[in-house]
Amino acid sequence: VGVFYRPLEKIAAVIETYPRGIAGFRRYQELLATDPEIADAPDAIPAPALRGDIRFENVSFGYDERPILRGIDLDIKAGETVAFVGPSGAGKTTLLALLPRFYEPTSGRITVDGMALDQLQLHSLRRQIGLVSQDVFLFGGSLRENIAYGRLGASDAEITEAARQAQLGPLLDSLPDGLNTIVGERGVMLSGGQKQRVAIARAFLKNPPILILDEATSALDSQTEREIQSALDALSVGRTTLVIAHRLGTIRNADRIAVMQDGRIVEMGEHGALVARGGVYARLSG
Ligand code: ATP
């Protein structure tokens with residue numbers, strides 16, 4: 001999971017050195033737009049509104065000389081939900097980190113709606129990819145600011161609606177200051193489940209055509225887990241969803257399952273078909 005947090009750590013560092021609130025947000029936008037590791041090609045174009053067809057063509061990648069992803073071919077249709085499963089270290093997180101271009105493939109090509117990622121301006125691509133990960137980044141500030149982090153300039157009505165879709169309604173109603181409640185170390189401490197709902201609310205607000213979910217491995221009580229699951233199910237409707245899946249329910253409900261092993265996709269298909277095949281997936285899920 002480390003991969004996703006490198007950028008977030010940078011953002012956290014920046015926000016801490018700035019006054020709380022909107023200045024921090026603006027800085028974050030600048031940071032994403034000027035990530036020194038990945039520059040826009042001079043002729044990069046702003047991404048149009050994406051449908052969310054995603055294609056990996058013979059993509060390989062390594063953080064150093066050691067190859068991590070080896071010749072990945074993957075074709076995902078707009079609106080489809082694909083669950084990525086496989087042993088720890090197989091490369092699931094790394095693969096999905098290539099989509100918002102946290103890293104560049106060493107060879108091969110990734111396209112969205114037929115356009116190569118590196119031909120699109122980075123900020124216009126990332127604006128259309130939602131990321132809900134298990135380690136949620138909250139900063140000291142109001143609940144409003146923490147949710148609006150999904151989309152700057154959202155109205156209170158939009159923020160409240162996103163909070164309700166993420167099943168934060170009961171929490172909001174129980175707080176005398178509502179969206180103005182300060183959360184984090186100097187305010188109301190949120191539980192693990194509430195933090196995840198904040199991350200889901202951000203994604204509802206952002207309303208992206210493409211969603212990357214890194215499902216929590218840590219145990220939540222079963223009621224909370226069900227609520228989060230149903231919020232995530234609602235969130236993924238109509239979006240291309242790539243989920244690093246740990247729960248059997250998520251895996252079974254996915255349109256297709258990609259089984260990764262040692263940097264390759266070794267099996268891909270729907271749950272029943274993969275079980276019938278009697279291969280790696282059947283052994284993993286058996
Ligand atoms: P898990 O289910 O444990 O999260 P994963 O399938 O998502 O595993 P990755 O996190 O993609 O696997 O890791 C694949 C390999 O890449 C591992 O060997 C890991 O040690 C290595 N790796 C991950 N992130 C980095 C990094 N930032 N720098 C160097 N190596 C890394």
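The exercises below, each with a worked solution, concern a predicted model of a protein chain.

**Exercise 1. The chain as a whole**

Task: State how many helices and strands the protein chain has, what share of its residues count as buried, and what share of the contacts join residues at least 24 apart.

Solution. Step 1: the secondary structure comes to 12 helices and 12 strands. Step 2: the protein chain has 286 residues, and 37% of them count as buried. Step 3: take the contacts between residues at least 6 apart in sequence; 72% of these join residues at least 24 apart.

**Exercise 2. The sheet of 4 strands**

Task: Give the strand order of the open sheet that contains β1, and find its edge strands.

Solution. Step 1: the order is β2-β1-β4-β5, and the pairing is antiparallel. Step 2: β2 (69–76) and β5 (115–116) are the edge strands, since each pairs on one side only. Step 3: go through the pairs. Strand β1, residues 54–61, is joined to β2 by 5 bridges in the antiparallel sense. Between β1 and β4, which also run antiparallel, there are 5 bridges. β4 and β5 are an antiparallel pair with 2 bridges.

Strands of a sheet pair through backbone hydrogen bonds, in either a parallel or an antiparallel sense.

**Exercise 3. Bridge partners**

Task: Name the residue of β2 that is the bridge partner of Phe-56, the residue of β4 that stands opposite Phe-56, and the residue of β5 that is the bridge partner of Val-112.

Solution. Step 1: on the β2 side, Phe-56 has Leu-74 as its bridge partner. Step 2: in β4, the residue opposite Phe-56 is Ile-110. Step 3: in β5, Val-112 has Met-115 as its bridge partner.

**Exercise 4. Two residues with positive phi**

Task: For Asn-58 and Asp-113, give phi, location and exposure.

Solution. Step 1: phi of Asn-58 is near 50 degrees, a positive value in a residue other than glycine. Asn-58 belongs to strand β1. Asn-58 has 12 C-beta neighbours inside 10 Å, so it counts as exposed; the cut-off for exposed is 12 or fewer.

Step 2: Asp-113 is not a glycine either, yet its phi is positive, at about 50 degrees. The residue lies in the loop between β4 (107–112) and β5. This is a hairpin with 2 residues between the strands. Asp-113 counts as partly exposed because it has 16 C-beta neighbours inside 10 Å.

**Exercise 5. The sheet of 6 strands**

Task: Describe the open sheet that contains β3, and say which helix packs on that sheet, touching β6 and β9.

Solution. Step 1: the strand order is β6-β9-β10-β3-β11-β12, with mixed pairing. Step 2: the edge strands, each pairing on one side only, are β6 (129–132) and β12 (264–269). Step 3: from one strand to the next, the twist averages 20 degrees. Step 4: the helix is α8, which packs on the sheet and touches β6 and β9 (210–214). The direction of α8 makes about 170 degrees with that of β6. Step 5: for one pair in the sheet, take strand β3 (residues 81–85) and strand β11 (residues 256–261), which run parallel and are joined by 4 bridges. Val-85 stands opposite Val-259 in β11.

**Exercise 6. Helix α8 and two other helices**

Task: Decide whether α8 is oblique or roughly parallel to α6 and to α9, and describe each contact.

Solution. Step 1: helix α6 (residues 156–165) packs with helix α8 (residues 192–206) at an angle of about 125 degrees, their axes being 8 Å apart. That angle makes α6 oblique to α8. The crossing of α6 and α8 is right-handed. From α6, Glu-158, Ile-159, Ala-162, Ala-163 and Gln-165 meet Ala-201, Phe-204 and Leu-205 of α8. The residues in the contact of α6 with α8 are 6 nonpolar, 1 polar and 1 charged.

Step 2: α8 and helix α9 (residues 222–236) pack at about 10 degrees, with axes 11 Å apart. α8 is therefore roughly parallel to α9; the cut-off is under 35 degrees. On the α8 side the contact includes Gly-193, Ile-200 and Phe-204, and on the α9 side Thr-224, Ile-228 and Leu-235 are among the residues. By class, the contact of α8 with α9 has 7 nonpolar, 3 polar and 1 charged residues.

Conventions. Residues numbered from 1 in each chain as written. Predicted model: local features only at pLDDT ≥ 70, side-chain atom pairs only at ≥ 80, totals over all residues. Pairing = 2+ DSSP bridges. Axes fitted to C-alpha atoms, helices over the stretch in contact; angles between N-to-C directions. Parallel < 35°, antiparallel > 145°, perpendicular 65-115°, else oblique. Left-handed = near helix turned anticlockwise from the far one by under 90°. Contact = placed C-beta atoms within 7 Å. Nonpolar A, V, L, I, M, F, W, Y, C, P; charged D, E, K, R; others polar. Buried ≥ 20, exposed ≤ 12 C-beta atoms within 10 Å, placed from the backbone.
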